[in-house]
Amino acid sequence: MVYVLLGEGFEEAEALVAADVLRRGAVPTVLAGIGGELVTGSHNIAVRTDRPVEEVVLEQGDMVVLPGGMGGVSSIEHSAAAMTLVRRAAEDPGIWLAAICAAPTLLARAGLLPAGAPCVCYPGMEGELSAAGAVPAMDRPAVTCGRLITGKGPGTAFDFGLALVEALAGAETAAQVRAALHYGV
């Protein structure tokens with residue numbers, strides 16, 4: 001199961017494109033809300049979540065996805081339940097962790113980026129990744145390093161979503177989803 005964490009001020013494109021692409025790849029995906037069933041993104045789009053973040057129980061093979069948006073990242077950082085999931089995903093080798101845009105900086109601040117790991121984030125924020133010991137790979141839209149996937153920003157949401165599908169459902173499924181979307185054609 002994939003859990004996309006949504007807090008007030010999340011970046012809608014990053015969260016919803018990733019969830020859409022995952023579901024197109026037949027990967028079970030849940031929108032987990034922080035602070036309520038209806039969560040409003042950074043561009044005032046309200047999204048009804050599938051369940052509260054407090055009800056998420058991670059199992060082996062699951063993935064936690066952190067969309068960007070400064071408000072959304074702050075919501076995650078200030079939610080004990082969300083940060084418990086983030087830490088568990090970062091520390092458990094059987095669980096995937098993915099973050100896009102400003103969200104990789106949350107991982108940097110929490111000390112959850114592996115030293116020397118190639119990562120990407122929103123341009124201009126890569127100093128936080130470097131300070132945490134990660135290696136910014138800003139020439140790429142999305143980077144997979146072990147069970148950590150990072151994405152650059154809203155314009156790379158499809159690349160990020162396809163990287164998530166590839167990690168969980170395989171390259172063939174990701175290629176089928178890419179073709180069905182007519183992405184990069």
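**View 1. Alanine 103, a buried residue of helix H4.** In this predicted model, alanine 103 has a relative accessible area of 0% and is therefore buried, the cut-off being under 20%. Its place is in helix H4. Beyond the neighbours within four places in sequence, alanine 103 is in contact with Leu66, Pro67, Gly68 and Val73. If you like distances to check, try the one to glycine 153: this residue is 50 residues away along the chain, and the two C-alpha atoms are separated by 9.6 Å.

**View 2. Leucine 66 and the largest nonpolar core.** Which residues have the most contacts inside the largest nonpolar core? They are Leu5, Leu66, Ile76, Val86, Leu106, Leu107 and Leu113, in a core of 34 residues. At least two core residues come from each of strand S1 (2–6), strand S2 (29–33), strand S6 (63–66), helix H2 (70–77), helix H3 (80–91), strand S7 (96–100) and helix H4 (103–109). Helix H3 gives the most, with 5 residues. Zooming in on leucine 66, and leaving aside neighbours within four places in sequence, you will find contacts with Leu5, Ile76, Val86, Leu97, Ala98, Ala99, Ile100, Ala103, Leu106 and Leu107. A second core, separate from this one, has 31 residues, and Val2, Leu6, Cys101 and Val177 are among them.

**View 3. The open sheet and the helices packed on it.** Here 7 strands line up in the order S5-S2-S1-S6-S7-S11-S10, with mixed pairing. Which strands are at the edges? Strand S5 (51–52) and strand S10 (142–145) are the edge strands, each pairing on one side only. Strand S10 runs antiparallel to strand S11 (residues 148–151), joined to it by 4 bridges. Helix H1 (residues 12–24) packs on the sheet and touches S1, S2 and S7, its direction making about 155° with that of S2. Helix H6 also packs on the sheet, touching S1, S6, S7, S10 and S11. The direction of H6 makes about 175° with that of S7.

**View 4. Strand S2 beside strand S1.** Is strand S2 enclosed or open to the outside? Buried residues account for 5 of the 5 in S2, so the strand is largely enclosed by the rest of the structure. Thr29, Leu31 and Gly33 point one way from the strand, while Val30 and Ala32 point the other way; all are buried. S1 and S2 pair in the parallel sense, over 5 bridges. For a pair to pick out in this view, valine 4 has leucine 31 of S2 as its bridge partner.

**View 5. The hairpin of S10 and S11.** There are 2 residues between the strands of this hairpin, and glycine 146 takes a positive phi near 65°. On the paired strands, cysteine 145 stands opposite leucine 148 in S11. Another pair to look for is threonine 144 with isoleucine 149, its bridge partner in S11.

**View 6. Helix H6 crossing helix H7.** The axes of helix H6 (residues 157–169) and helix H7 (residues 171–181) come within 7 Å and cross at roughly 145°. The crossing in which H6 passes H7 is right-handed. On the H6 side, Phe158, Leu162, Val165, Glu166 and Ala169 take part in the contact. Across from them, H7 brings Ala171, Thr173, Ala174, Val177, Arg178 and Leu181. How do the residues of this contact divide by character? There are 8 nonpolar, 1 polar and 2 charged residues.

**View 7. Positive phi at cysteine 101 and at histidine 182.** Cysteine 101 is not a glycine, yet its phi is positive, at about 70°. This residue is found in the loop between S7 and H4. Is cysteine 101 buried or exposed? Its relative accessible area is 8%, under the 20% cut-off, so cysteine 101 counts as buried. Histidine 182, likewise a residue other than glycine, has a positive phi near 60°. You will find histidine 182 in the segment after H7. Its relative accessibility is 60%, over the 50% limit, so histidine 182 counts as exposed.

Technical notes:
Residues numbered from 1 in each chain as written. Predicted model: local features only at pLDDT ≥ 70, side-chain atom pairs only at ≥ 80, totals over all residues. Heavy atoms only, no water. Core = buried A, V, L, I, M, F, W, Y, C linked by side-chain atoms within 4.5 Å. Buried < 20%, exposed > 50% of the residue type's maximum accessible area, 1.4 Å probe, protein only. Contact = heavy atoms within 4.5 Å. Axes fitted to C-alpha atoms, helices over the stretch in contact; angles between N-to-C directions. Left-handed = near helix turned anticlockwise from the far one by under 90°. Nonpolar A, V, L, I, M, F, W, Y, C, P; charged D, E, K, R; others polar. Pairing = 2+ DSSP bridges.
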